[in-house]
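Open the model in a viewer and keep the selection panel at hand. The stops below say what to select next and what is there.

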Protein chains: 6
Amino acid sequence: MHSIGKVAILTVLGQPVPDDVFQVVTGQVGSMSVEKVVAAVETAAKREGLIAADHYRGEHALYHAVLEALHGVCRGQLELGSILRTAGLKFAVVAGPRDADRPEEGHWLAVALYGYIGAPRRGFEHEVIGLGINHL
Amino acid sequence: MHSIGKVAILTVLGQPVPDDVFQVVTGQVGSMSVEKVVAAVETAAKREGLIAADHYRGEHALYHAVLEALHGVCRGQLELGSILRTAGLKFAVVAGPRDADRPEEGHWLAVALYGYIGAPRRGFEHEVIGLGINHL
Amino acid sequence: MHSIGKVAILTVLGQPVPDDVFQVVTGQVGSMSVEKVVAAVETAAKREGLIAADHYRGEHALYHAVLEALHGVCRGQLELGSILRTAGLKFAVVAGPRDADRPEEGHWLAVALYGYIGAPRRGFEHEVIGLGINHL
Amino acid sequence: MHSIGKVAILTVLGQPVPDDVFQVVTGQVGSMSVEKVVAAVETAAKREGLIAADHYRGEHALYHAVLEALHGVCRGQLELGSILRTAGLKFAVVAGPRDADRPEEGHWLAVALYGYIGAPRRGFEHEVIGLGINHL
Amino acid sequence: MHSIGKVAILTVLGQPVPDDVFQVVTGQVGSMSVEKVVAAVETAAKREGLIAADHYRGEHALYHAVLEALHGVCRGQLELGSILRTAGLKFAVVAGPRDADRPEEGHWLAVALYGYIGAPRRGFEHEVIGLGINHL
Amino acid sequence: MHSIGKVAILTVLGQPVPDDVFQVVTGQVGSMSVEKVVAAVETAAKREGLIAADHYRGEHALYHAVLEALHGVCRGQLELGSILRTAGLKFAVVAGPRDADRPEEGHWLAVALYGYIGAPRRGFEHEVIGLGINHL
Ligand SMILES: [Mg+2]
Ligand SMILES: [Mg+2]
Ligand SMILES: [Mg+2]
Ligand SMILES: [Mg+2]
Ligand SMILES: [Mg+2]
Ligand SMILES: [Mg+2]
């Protein structure tokens, strides 16, 4: 009934998600540095065991999923402070089947980012969302 | 309590959104042509009166919001069929204040797109989301 | 007779522009940091009252106009020093109707950037121009 | 006193440019196809002898100059009709020294594009400019 | 001693590659349509069994690898005919370990593209290469 | 028999290339800064006389060739450390005819980059290649 992307989005929005077959990690990061967003997501996912810490394979999958999610957040250029904007983001990383009822497609990862982007001044910002999905 | 982007995202996901100060239009479009996605969203928004049909100003605001939402969907290149992929999308267009409790910032537009992207073959696809926000 | 973009371009090139319905601000900025170009334009436009300093709305309009102008300057990547190049730019920000004879389309902003881009070495550079236009 | 880029921009805007050391070709093209813009510029430049018709070298220089100019026009994606927009453009191609007083840097090309971009509906558009410069 | 990317590049260049642990498929495709390049590579890889034909997972891995290789070929915009250029390409798809001596990182895919890009006129072209690598 | 791009690629891969009409320079650079890659290539090419050190023309040709090669390496965003990745690259710069048997097309430059890109952690990386070609 649930798909991995929807679970990631609802979770990052703080909506209830039924107990399910997915592993979920959440966190938040505010930064003018894109690399800090990437690092925050990777650190959380490794700490909670969604990807193995000692192999490149899972990190490669997660890295590309995070970059894809950042395309939705940045909408054209993967840049924050270097073009004078800052982001305050919540993130959710989800591991599991692509769809709860399609286990035959193996293990996948979804990264959802949601929050605000704008000038480095309180309230001068609007919402953004991004989702990246990759096979694990 | 509600912000325009969250209203757009929850609506496009089919989640309940409390009655509110926002005007909302929804629809869906499946296509290998990016321009058909843009056209479907614009047509719906004009038909329901979210933007004026006889002035460029509102269309300009909506056009850029749709393109920004498409960045989240396409993650790098605003292309579908031309790079051999197709998308089946639901959309929600929302007009109103940027945040329900910040009327002093005037009128804004949010466009949320959610659905599946993939090869032109049933089931060979994964989820995508995009959100574009613009002042009206 | 005049359109907002042409007024911005002629002004940034130092050409005479007939007294008109437009508000115009000019300045210059040399930098290897894209964010300094954005900041210089925003600071000048606020100081001269082309956009309100205490609301996000006008800053949002100007920010996207500056980024669009930077696309013409950077031609592919909104980066300067990070890809080993520097820019010396004049800028003009213009507020007013989109065309002098189309007041019914409301208030718009145009940002023109003109100058030189190149290696961080005197004379190793060529000209660039960029124009961004947004509804205010 | 004159630089190749400024000559191209003033020419495309219909401003007077003093008789000079530069070779200049102008034309116009309206299209939803980026390739038609490229073709119109190349055809005019070859017909007037700004680049040789029987060697690739000059065409390579011009092609990249046109693409760079199109970045200013398109601001993010080199696409027109495929993202539901159309452009009506004037163009100027200029060949000569990079600056009138720097002949030691050899022969260069400048391509300026100026006009309107927008929805495929009269008046639903705003101005754009682009400039590409390349060594010949 | 061999890495998957080097095997793909040497193969696409027609260089000898020692018998090895890798599965290799080659082909060629000339087109003004990016989607035909993608399709040619996918068809060959499926026909030779480098990815399963009945699951999305392998196609997803290959699709992203092809797009990454196309970035090297297209250098900025994943477009061919739409910006008035054509490509004549050879391709090699390789499946196996990331490095012949690192089997613990699992199965990977490499796609190499090599050939000529240029105007739709014989000889008006120059060489291009691209490589995309993904975990399978 | 040889083309400038193939000579650059084979050289950067450490393959034997027959004595020929081309001038070749090689080197290596590891960095999280794109500008250091550009600088390393430019410095080597000037030191060995492939481009003149006292004119902009050759540097302009080389600069754009390096950026084009970096598109193959970066596959979407010309960024390294700013998106939390690092690259260890070998480079080859080649000057000469576009093809050994087409001297009538004049002098060209090719820049090939080959190496590994990945997380800033040993072994967490995969191969990349890039090639940029420009008329000199
Ligand atoms: Mg990768
Ligand atoms: Mg616009
Ligand atoms: Mg915005
Ligand atoms: Mg080229
Ligand atoms: Mg995908
Ligand atoms: Mg240049």
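Copies are superposed by least squares on the C-alpha atoms of residues with pLDDT of at least 70 in both. This is a predicted model, in which local features need pLDDT of at least 70, side-chain atom pairs count only at pLDDT 80 or more, and totals for chains, interfaces and linings use all residues. Residues are numbered from 1 along each chain as its sequence is written, chains are lettered from A and ligands numbered from 1 in the order in which they are written, and side-chain values use heavy atoms, with hydrogens and water left out.

**Stop 1: chains A and B**

Select chains A and B. A turn of 180° and a shift of 0.0 Å along the axis lay chain A on chain B with an RMSD of 0.0 Å. The two copies are therefore related as by a two-fold rotation axis. Which residue of chain A comes closest to the rotation axis? Center on A:Gly72, whose C-alpha is at 1.7 Å from that axis. Both copies use the same surface: 100% of the contact residues of chain A recur in chain B, where contact means heavy atoms within 4.5 Å.

Now show chains A and D, which no contact joins; their closest C-alpha atoms lie 7 Å apart. Chain B and chain F likewise have no contact, and their closest C-alpha atoms lie 7 Å apart.

**Stop 2: ligand 2**

Select the magnesium ion (ligand 2). Its protein donors are B:His60, B:His64 and D:His126, each through NE2, lying 2.2 Å from the ion. Donors are N, O and S atoms within 2.8 Å of the metal (3.2 Å for Na, K and Ca); water is not among the atoms, so sites may look incomplete. B:His64 lies in helix H3 (residues 56-74) of chain B and D:His126 in strand E4 (residues 125-135) of chain D, so the pair joins two chains. Helices (H or I, at least four residues) and strands (E, at least two) are DSSP runs, numbered from the N terminus.

Are these two histidines buried or exposed? B:His64 counts as buried at 16% relative accessibility, and D:His126 counts as buried at 3%. Buried means under 20% relative accessible area, exposed over 50%, and partly exposed in between (1.4 Å probe, protein chains only).

Stay on B:His64 and show its surroundings. Its side chain makes a polar contact with the side chain of B:His60 at 3.1 Å. A polar contact is a pair of N or O atoms within 3.5 Å; within protein, one must be able to donate a hydrogen and the other to accept it, and residues adjacent in sequence count only if both atoms are side-chain atoms. Leaving out residues up to four places away in sequence, B:His64 touches B:Asn134, C:Glu68, D:Arg75 and D:His126.

**Stop 3: ligands 5 and 3**

Select the magnesium ion (ligand 5), which B:His126, E:His60 and E:His64 coordinate through NE2 at 2.2 Å. Here the pair crosses between chains, from B:His126 in strand E4 of chain B to E:His60 in helix H3 of chain E. B:His126 counts as buried at 2% relative accessibility, and E:His60 is buried with a relative accessible area of 2%.

Next select the magnesium ion (ligand 3). Its protein donors are A:His126, C:His60 and C:His64, with NE2 atoms lying 2.2 Å from the ion. A:His126 lies in strand E4 of chain A and C:His60 in helix H3 of chain C, so the pair joins two chains. A:His126 and C:His60 are buried.

**Stop 4: the sheet of chain F**

Show chain F as a cartoon. Four strands form an open sheet in the order E1-E2-E3-E4, with antiparallel pairing; two strands pair if DSSP finds at least two bridges between them. Strands E1 (23-31) and E4 (125-135) of chain F stand at the edges, each with a single partner strand, so one side of each is left without a neighbour in the sheet. On average, neighbouring strands of this sheet are turned by 15° against each other, direction ignored.

Nine bridges join E1(F) to strand E2 (residues 86-97) of chain F. To see the register, label F:Gly27, which stands opposite F:Phe91 in E2(F).

Add chain E: its helix H1 (residues 4-12) packs on the sheet, touching E3 (107-118) and E4 of chain F, and its direction makes about 35° with that of E4(F). Axes are lines fitted to C-alpha atoms, for helices over the stretch in contact, and angles run from 0 to 180 degrees between N-to-C directions. Helix H2 (residues 34-47) of chain F lies across E1, E2 and E3 of chain F, at about 35° to E2(F).

**Stop 5: strand E2 of chain E**

Finish on strand E2 (residues 86-97) of chain E, where nine of the 12 residues are buried. Nine bridges join E2(E) to strand E1 (residues 23-31) of chain E in the antiparallel sense, and E:Gln28 has E:Lys90 as its bridge partner in E2(E). With strand E3 (residues 107-118) of chain E, E2(E) pairs antiparallel over 12 bridges; there, the bridge partner of E:Ala87 is E:Ile117.
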